[in-house]
Protein chains: 2
Amino acid sequence: MKARIKITLKNGVLDPQGKAIAHALGALGFDGVGDVRQGKYIEVELDETDRAAAEDKIQRMCEQLLANTVIENYAYELEGS
Amino acid sequence: MKARIKITLKNGVLDPQGKAIAHALGALGFDGVGDVRQGKYIEVELDETDRAAAEDKIQRMCEQLLANTVIENYAYELEGS
C-alpha cells in the first residue's frame, strides 16, 4: 500500500520560500500570481494490507517524524491494496 | 483559481532525503516501511478565470522555474473558478 502525504504550513505561518517563488515568478514575467505556499510531498511504500492499520501507522509517522504539527498540517491518501 | 503542484524525482534518480526518512522511521520502530521518496508540494494562487489559460501558465511555470525537468516530474491539479 502506498501513502501520498502532503505537508503544508498552517495558515498564518510565514512562508519565505513561497514568497521567494512568487517573486521569482513575477521576475520571469508571470503576472496575476497571488499567494504561493511551499510544502513537502512524501510517498511512503507500506508493507501493510489492512487499510485501517495503514492509516493509523501513517498518522503516527506524521505526528512523530514527518510533520512539525506546531506549524504544519498534514494530509494523506492511501492507494493500492 | 488555485493550482496544487506536486514535484517528484524521476524513477531511478537517487533520493537521499527519502532514504534518510525511511531510516529514521525504522529507528522509531515503524516496520514494514519500503521505499520512501520526498518531493515538493507547491500551491499557487492564480488570478485567472480561464482553465486552459491557467493550465498553460502552470505548465510554463513548472518548466521554467518550479521543476528541474531533467530529474523531476511534475503534476498539478486546478481548483476553483
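This is a short dialogue on reading one helix and the symmetry of a predicted model.

Q: What should I know about the model and its numbering before I start?
A: It's a predicted model, where local features need pLDDT of at least 70, side-chain atom pairs count only at pLDDT 80 or more, and totals for chains, interfaces and linings use all residues. Residues are numbered from 1 along each chain as its sequence is written, and chains are lettered from A in the order in which they are written.

Q: How many residues does α1 of chain B have, and what span does it reach?
A: Helices are DSSP runs of H or I with at least four residues, numbered from the N terminus. The expected span is 1.5 Å times one less than the number of residues. Here α1(B), residues 16-27, has 12 residues and reaches 16 Å from first C-alpha to last, close to the expected 16 Å.

Q: Which residues of α1(B) are buried?
A: An α-helix has 3.6 residues a turn, so residues three or four places apart point the same way. In α1(B), Gly18(B), Ile21(B) and Leu25(B) are buried (under 20% relative accessible area, 1.4 Å probe, protein chains only). Seen down the axis of α1(B), the buried residues fall within an arc of 60° (directions from the helix axis to the C-beta atoms), so they line one face.

Q: Which residues of α1(B) are exposed on the other side?
A: Pro16(B), Lys19(B), His23(B) and Ala27(B) are exposed there (over 50%).

Q: How is chain B laid on chain A?
A: Copies are superposed by least squares on C-alpha atoms of residues with pLDDT of at least 70 in both. A turn of 180° with a shift of 0.0 Å along the axis does it, at an RMSD of 0.0 Å. The two copies are thus related as by a two-fold rotation axis.

Note on methods: Heavy atoms only, no water. Helix = DSSP H or I, 4+ residues; strand = E, 2+ residues; numbered from the N terminus.
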